[in-house]
Amino acid sequence: MTTATADVPTAPARHEPTAAGPSLGRLTRVELRKLADTRAGRWLLISIGSIAVAIVVVQLFVTDGPEQTFTAFFTPSLLPVGLLLPVLGILSITGEWSQRTALTTFALVPRRERVIVAKLAAVVLAALASVLVSLAVAAAGTLAARATGGAGAWTFDWQLLPYAAVFQVANVLMGAGFGLLLLNTPLAIVTYLLLPTVWSVLAAMIEGLRGPAGWLDTSRTMEPLLSPDVTVGQWERLGVSLALWMLLPLVAGLIRTMRREVS
């Protein structure tokens, strides 16, 4: 005997909504907070601001009254700040590995490229903020110069402002590139500081390297950014040097970070 089985309707499959990952803006805000979370990062940021103030104070004492202008206070503060910004870029990248938080970070955000982009965006914003700090302390120096009998002139070539931004952003991204490439704080800092110095010494000693040094030595190619007039040839030399010292480490470091096993 056969029995008929009734067709029992089956409930449609339910698809659980997938949670959207944090936005790039939120990740960037998190990375900005991380810059000041560690003792090293906090003191580095304090040092950057303090150096900018110290340069202005020195300018008040060592320059003559007529030379105490807004530009004279602004430009000298860019170079020492630019020497510290690469260290900030290195710490922002290598901190995940030295503090062993990379496992947690990449577990929460599996797409590593989003974390790296957020870190780069954070250090770029920090570099731009350093330019604003230089502007602020230059304004304070100009007011102080006027109050103490100096010129205190507000003369300023506004072309210097975008050049200063390029100068500081390039510096911090070079540091971040070395951080991505080496993923070790002491090694990245020493390598970043040592390699350009060795290159400059070799270029001074070996005549055949003097020509290429004009295109590859960032201490030379970035110097025009501290003046209001940058020629086409100087931009070309800057682009070649940054391709070697900034773009290449960033690309190679990104590939290494994407492939490195997190433990």
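Hi everyone. One definition before we start: a residue is called buried under 20% relative accessible area, exposed over 50%, and partly exposed in between. Lys 34, at a relative accessible area of 28%, is therefore partly exposed. Please keep in mind that what you have in front of you is a predicted model.

Let's stay with Lys 34 for a moment. Its side chain meets that of Glu 31 in a salt bridge, at 3.4 Å from N to O. Both residues sit in helix α1, which covers residues 24–37, and being 3 residues apart there, they are separated by about one helical turn. For anyone who likes the geometry spelled out, an α-helix has 3.6 residues a turn, so residues three or four places apart point the same way. The burial of the two partners is worth a look as well: Glu 31 counts as buried at 5% relative accessibility, while Lys 34 is partly exposed.

How many salt bridges does the structure hold? The count is 6. Another of them pairs the side chains of Glu 96 and Lys 119, at 2.9 Å from N to O. Glu 96 belongs to helix α3 and Lys 119 to helix α5, residues 112–147, so this pair ties together parts that are 23 residues apart in sequence. Glu 96 and Lys 119 are both buried.

A third one to look at is Asp 217 with Arg 220, whose side chains meet at 3.8 Å, N to O. Here Asp 217 is buried, with a relative accessible area of 4%, and Arg 220 is partly exposed at 39%. Coming back to the earlier residues, salt bridges that share partners join Glu 31, Lys 34, Glu 96 and Lys 119 into one network.

Now for the empty spaces, and the cavity picks up where we left off. The structure holds 1 cavity of 30 Å³ or more, and the volume of the largest cavity is about 50 Å³. Which residues line it? They are Ile 93, Glu 96, Trp 97, Phe 106, Val 115, Ile 116, Lys 119, Leu 180, Leu 183 and Thr 257. You will recognise Glu 96 and Lys 119 in that list, the pair from our 2.9 Å salt bridge. The elements giving two or more residues to this lining are α3 and α5. By class, the lining has 7 nonpolar, 1 polar and 2 charged residues.

Two other lining residues deserve a word. Leu 183 is placed in the loop between α6 and α7, and it is buried, with a relative accessible area of 6%. Its phi is near 55°, a positive value in a residue other than glycine. As background, most residues other than glycine have a negative phi. Then there is Thr 257, found in helix α10 and buried at a relative accessible area of 2%. Thr 257 and Leu 180 are 77 residues apart in sequence, but their C-alpha atoms are 6.6 Å apart in space.

On to the largest pocket, which has a volume of about 420 Å³. It is lined by 20 residues, and the closest to its centre are Leu 83, Asn 171, Tyr 192, Thr 218 and Ser 219. Four elements give two or more residues to the lining: α3 (70–98), α6 (160–182), α7 (185–205) and α9 (218–221). Which of the elements gives the most? That would be α7, with 5 residues. By class, this lining has 12 nonpolar, 6 polar and 2 charged residues.

Let me finish with two helices. α5 has 36 residues and reaches 53 Å from its first C-alpha to its last, close to the 52 Å expected. Just after α5, Gly 149 takes a positive phi of about 95°.

Helix α10, residues 232–259, has 28 residues and reaches 39 Å, close to the 40 Å expected. Where does α10 bend? The bend is at Ala 243, by about 45°. Several residues of α10 are buried, among them Leu 238, Leu 242, Trp 245, Met 246 and Pro 249. Thr 257 is on that buried list too, which takes us back to the cavity it helps to line. Thanks for listening, everyone!

Notes:
Residues are numbered from 1 along each chain as its sequence is written. This is a predicted model: local features need pLDDT of at least 70, side-chain atom pairs count only at pLDDT 80 or more; totals for chains, interfaces and linings use all residues. Side-chain values use heavy atoms; hydrogens and water are left out. On a 1 Å grid over the protein atoms alone, a cavity is a set of points where a 1.4 Å probe fits but cannot get out, and a pocket is an open set with protein on both sides within 12 Å along at least five of seven lines; lining residues have an atom within 4 Å of a point. Grid points are joined across faces, edges and corners, and a volume is the space filled by probe spheres set on the points. Ala, Val, Leu, Ile, Met, Phe, Trp, Tyr, Cys and Pro count as nonpolar, Asp, Glu, Lys and Arg as charged, and the others, Gly among them, as polar. A salt bridge is a side-chain nitrogen of Lys or Arg within 4 Å of a carboxyl oxygen of Asp or Glu. Buried means under 20% relative accessible area, exposed over 50%, partly exposed in between (1.4 Å probe, protein chains only). The expected span of a helix is 1.5 Å times one less than its number of residues. The bend at a residue is the angle between axes fitted to the seven residues ending there and the seven starting there.
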